[in-house]
Amino acid sequence: MDHLHQLNHRSGRSLNSVLSFFLAISLSAAMISCEKVLIKPDASDDPVSVFEEVWSFTEKHYSFFEYKNVDWHSIYNDYKPYVRDEMSPVELFDLCADMLYELKDGHVNLTSSFDRSRYWEWYLDSPDNFSYSLIERNYFRGNQRYVGPFRFLDMGDVTYVYYSSFANPITDNSLNILISNLKNKKGLIIDVRNNGGGSTVNAKKITSRFTGEKRLVGYNHVKTGPGYNDFRRHPVYIEPYDGERFTGDVIVLTNRRSYSATTYFTQYMNALPNVTFVGDTTGGGGGMPAFHDLPNGWLLRVSSSRFYSPDGINIESGIPPHISVDMSAESMAEGMDDILEKAIEILRSGNQ
Amino acid sequence: MFPLKQSRVLNSFLVFFLTLSFFCEFSSAANDETDSRRVTRGIYYKMDQGATWGVLYDGRMSNLHYSGPGGLINFGRHAQRSSYISEWSLARLQYNYSKPAHKNTVVENPGAGLRYMYLKNIHPKKNYYIFAGGEINVFGNLRMAPRLGNSYLWVDMVGEIRPRADLFFNKVFLRRNWNIELTAATSVFGYTMRIPEYGVSFELSEDAGVKTQGFEQKFLLPHNYAHITTGLFIRESFRGESNPNWFRVGYVWDFYTMAGAHNLNTSNALHQLVLELYFRVR
């Protein structure tokens, strides 16, 4: 009997152990399955779902429906009937691209592995008003200096600087070298024509070198919800740089391809009394874009903020110059850049 | 708020885990209680390392979920007596979500946390022990997806209080002593600072590289937040009669989900295979 009792006791213990072990394993398995319920599954990557995602993300995040008088729901009704399950990726891409094109916004893009949709009309129908080749062959002629991202030319009483992209990082040292060159000069010309934008940080860095006091340069309106007017307003100030600065005359050259962060830069500089703009209206692009992954791997980008000048002007459509100048074909044939020449003339005459 | 369906599931899940949290860490020095006490009592410095797999959904960043491998390292001070366990620990995690289906966007996910835990022995029986108490946990979770431009940076910083229970159980299985522990913890109250939940997440600034547009702050309660951690461990002493150090290997499932405005919720699940080393100092 004792033997049988011991055997029963032992087998009972083993059973407990097995049950305990399997209980622990089962609990772990249950936790993993619950995770699948709790984490929202991905949207489908079929054409209808992708189209819906493109439309709805834009609906919730785009910042200029009212400014551009666009009825996004009506556009949905126009395009939705063309979405079919059997569409090829290229057909779907083209359809979505056409729909997004209705926004007429250079910051709205759909990017796939085979194409990127875009709206470039803001400059395609405008004069070019810039030729780097002309600058290089007739003004630089090999005498320019490369300081960080800047190409600058000492023209005696005037300094000319070309900055091709606000995506190119600027160091304090580069700006120190640039500013130190301006002693005893009549002025500085900053050329941001064909500068398609980049980071507004660089725009603020440059601007801070040309002001002696803190200045309100505008208001950034950041999206806070899906409603067309769900925005929070942030004032944007430029603080004077604590170091070498230049508060003499500055002329900024712009054209229609001065876009995005370049338009922001123009707005920042616009708040300074010693700055004049010469050339053409900037391209605009006053909405910081928000990005969104689509279920099929494409990337959607839409403008998702607004920027207003201190007196309430939306910079989305661009900032006009103080002095409007177009480059003429005749001048170009003679190796002259009319916009740059006008800037030099203003600085030398002192009639800014 | 969570969608209704998810909310029901979540509530059931929370009830389940709150119930579960009244048992757990289960270690079995079998019939050798002295061995069990040798490996448990004392003050230890601990070092954990682990290989992990993470699954992330962050509605502010994307409507897709991302997954990928990661690693963790954790340092702490662990004090264990027959009547209580207390522990300080500092954790550092790093994930790199690059699930092939969404290989175009890689999400880097560094995180760090500081935790204090105190558990009281509420079931001091011979064959198993139940320690119950709670922990104060502070962690930060940073997500960076450079491909998403202005929308690339998202941050959650959370402070929370979590009830926790550990069950130790020692049993013989397959002719061997298994010191098994089961742990469970769930959040009941917290506070968070998050990067705003809509639109572009940041603008670059001159000095720090990034400058948020301002954090949003809110209290975390079971209706808008759940953080559940469960673990299954096997504990062993190092070889040698007089060696007071021990280690444990285990699997930890750590999951948190936070409701955001406009249904832009965040969920993060971490599956961790860990090796924890305990070095006795007293």
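**Paired strands in chains A and B**

Visitor: In this predicted model, strand β12 (residues 225-237) of chain B and β13(B) are joined by 13 bridges in the antiparallel sense. What makes them a pair?

Guide: Two strands pair if at least two bridges are found between them, and β12(B) and β13(B) have 13, so they are called paired. Within this pairing, Arg235(B) stands opposite Arg248(B) of β13(B).

Visitor: Which strand besides β12(B) is joined to β13(B), and in which sense?

Guide: Strand β14 (residues 266-280) of chain B runs antiparallel to β13(B), and 13 bridges join the two; here Val249(B) faces Leu275(B) of β14(B).

Visitor: Why is strand β13 of chain B called mostly covered?

Guide: A residue counts as buried if 20 or more other C-beta atoms lie within 10 Å of its own, and in β13(B), which spans residues 246-258, ten of the 13 residues are buried. For chain B as a whole, buried residues make up 45% of its 282 residues.

Visitor: What makes β7 and β12 of chain A edge strands?

Guide: Three strands of chain A form an open, antiparallel sheet in the order β7-β6-β12. In that sheet β7 (231-238) and β12 (305-308) of chain A each have a single partner strand, so one side of each lacks a neighbour. From one strand to the next, the twist averages 25 degrees.

Visitor: How do you know that β6 and β7 of chain A are paired?

Guide: At least two bridges are required, and eight join β6(A), residues 215-223, to the antiparallel β7(A), so the two strands qualify as a pair. Gly218(A), for instance, has Val236(A) of β7(A) as its bridge partner.

Definitions and conventions:
Residues are numbered from 1 along each chain as its sequence is written. Chains are lettered from A and ligands numbered from 1 in the order in which they are written. This is a predicted model: local features need pLDDT of at least 70, side-chain atom pairs count only at pLDDT 80 or more; totals for chains, interfaces and linings use all residues. Helices (H or I, at least four residues) and strands (E, at least two) are DSSP runs, numbered from the N terminus. Axes are lines fitted to C-alpha atoms, for helices over the stretch in contact, and angles run from 0 to 180 degrees between N-to-C directions. A residue is buried if 20 or more other C-beta atoms lie within 10 Å of its own, exposed if 12 or fewer, and partly exposed in between; C-beta atoms are placed from the backbone.
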